[in-house]
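Visitor: I'm new to this protein, and I'd like a close look at one aromatic corner of it. Please walk me through it slowly, then show me how the surroundings are laid out.

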Amino acid sequence: MGQIRIPTPLDPGAGDSNPTFPVLHRPSEIKAFLDQYVIGQERAKRAVAVAVYNHYKRILSDHSEDDVELDKSNILVIGPTGTGKTLIAETLARFLAVPFAIADATSLTEAGYVGEDVENILVRLVQVANYDIYKAQAGIIYIDEIDKVGRKNSSQSITRDVSGEGVQQALLKILEGTVAHIPPKGGRKHPEQSLMPIDTKNILFICGGSFDGLSDIIGQRINNAEIGFTKSLAKSDKEDEILKEVRPEDMIKYGFIPEIIGRLPVVTTLDHLDEFSLKRVLLEPKNSLVKQYKKLFLMEDVKLVFREEALNEIIRLAVERKSGARALRSVLENTMLDLMFHLPEYSEDRVAKITITKEFVVHGKKPLMRRHRRSA
């Protein structure tokens, strides 16, 4: 398809200054790129790839002779901590070469209250786009922990809600498409400058959250008598299957206003990562942690090797922390800290190879080291 110009309602037709848009990639191409960085989650990657393809195809299509208007394909990703929600969004933006910004829903408040205004999300996206409004208007925004702005019960509070329904109403405007006005470059330091308009109708929003307790709500609806399970890994498969049955009425019962649910038409779930999946995460992605550590050691001319039992122990420790792939980094960094601290000295001492053993991971015993042979 080549490079195609992004049509936007705020585009003044400024000739050569207008940006070009990357090639419109097929869903299979999008998923293939995600596969390099995100292990497992096949169903979710397919759903996201199709939604992203449809979103940018909608932007590039010409509606002038057609009365059928295509809705935005904003995405809601439901899944436990450390299963790849943020990674999927980041990887998509990198592949598409579009501006990408992350916001934490827990820090958002309704305009006029202490906290971060919802429209500040747009400021962040424009900053990432180097204040190129046209690029920003085709960017991606990931809103993390969106589940935290759900109303937890139906009782009305006497005080005004500044972090729940009020935030949902504010988010609704930018999700569905509105022209917002944000501070120009330099921000509020120069109040004499006029505000910059940005249209959100072509910005793709991906919202993610763990939604603790949602499986109970779904279970009550489908009359599953065994819903009262714990979050233990052994029973996580059951929870994963239940979450796949999520419907709009479940989200409303969880605490979301119907309008928000309507503006997140693509809903997909991520599965818990079992020990087998965590091992794949540790070894297989293009930038896996093991590959990163091996590269850091090679830069000091030291070969790094992990024994199988050492990897298994790292995974066991990560599973105990119950935070998915995020725990792998924490465990590995803690395990390798002293070794990394002395790595330059090992290099100077002609160490050629370091082998990580189970005893090193569990008890901190010295790893196996082999030195370069001295030339005669």
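Guide: Let's settle one word before we start: a residue counts as buried when its relative accessible area is under 20%. Phe211 comes in at 1%, so it is buried. Keep in mind that what you're looking at is a predicted model.

Phe211 is a good way into the aromatic side of things. Searching the whole structure turns up five aromatic pairs. In one of them, the ring centres of Phe211 and Tyr254 are 5.3 Å apart; the planes meet at 50°, so this pair is tilted. Along the chain the two partners are 43 residues apart: Phe211 lies in the loop between β10 (204-209) and α7 (214-221), while Tyr254 belongs to helix α9 (residues 248-254). This pair therefore links distant parts of the chain.

Now follow Tyr254. Its relative accessible area is 5%, so Tyr254 is buried too. Tyr254 also pairs with Phe256, and here the rings are stacked, with 6.3 Å from centre to centre and 15° between the planes. Phe256, like Tyr254, is buried.

From Phe211, step back along the chain to β10, and you arrive at a set of paired strands. Strands of a sheet pair through backbone hydrogen bonds, in either a parallel or an antiparallel way. β10 runs parallel to β7, with four bridges joining them. You can spot one meeting point where Ile143 stands opposite Cys207 in β10. β7 has another parallel partner in β4 (residues 100-104), this time through five bridges. Look for Asp104, whose bridge partner in β7 is Asp144. β7 is mostly covered, with four of its five residues buried.

Just before β7 sits Gly139, in the loop between α5 (133-136) and β7 (140-144). Its relative accessible area is 0%, so Gly139 is buried as well. Leaving aside residues up to four places away in sequence, Gly139 touches Tyr56, Val98, Pro99, Leu125, Asn202, Ile203 and Leu204. Pick out Pro99 from that list: although 40 residues separate it from Gly139 along the chain, their C-alpha atoms are 4.7 Å apart.

There are other aromatic side chains to look for while you're here. Phe33, Tyr37 and Phe95 form one aromatic cluster. The charged end of Arg94 sits over the ring of Tyr37, 4.6 Å from the ring's centre.

Now let your eye move to another sheet. This one is open, with three strands in the order β12-β13-β14 and mixed pairing. Its edges are β12 (303-306) and β14 (368-371); each has a single partner strand, so one side of each has no neighbour in the sheet. From one strand to the next, the twist averages 15°. β13 (residues 351-356) pairs with β14 in the antiparallel sense over four bridges, and Ile354 stands opposite Met369 in β14. Helix α14 (residues 325-348) packs on this sheet and touches β12, β13 and β14, with its direction at about 165° to that of β13.

Finally, zoom out to the whole protein. You'll find 15 helices and 14 strands. Of the 376 residues, 47% are buried. Among contacts between residues at least 6 apart in sequence, 70% join residues at least 24 apart. The accessible surface comes to about 19800 Å², and 50% of that belongs to carbon and sulfur atoms.

Definitions and conventions. Residues are numbered from 1 along each chain as its sequence is written. This is a predicted model: local features need pLDDT of at least 70, side-chain atom pairs count only at pLDDT 80 or more; totals for chains, interfaces and linings use all residues. Side-chain values use heavy atoms; hydrogens and water are left out. Helices (H or I, at least four residues) and strands (E, at least two) are DSSP runs, numbered from the N terminus. Buried means under 20% relative accessible area, exposed over 50%, partly exposed in between (1.4 Å probe, protein chains only). Contact means heavy atoms within 4.5 Å. Two strands pair if DSSP finds at least two bridges between them. Axes are lines fitted to C-alpha atoms, for helices over the stretch in contact, and angles run from 0 to 180 degrees between N-to-C directions. Rings of Phe, Tyr and Trp (its six-membered ring) pair if their centres lie within 6.5 Å; planes under 30 degrees apart count as stacked, over 60 as edge-to-face and the rest as tilted. A charge sits over a ring if NZ of Lys or CZ of Arg is within 6 Å of the ring centre and within 35 degrees of the ring normal. Accessible areas come from the Shrake-Rupley method with a 1.4 Å probe; for residues, only the protein chains shown count as cover.
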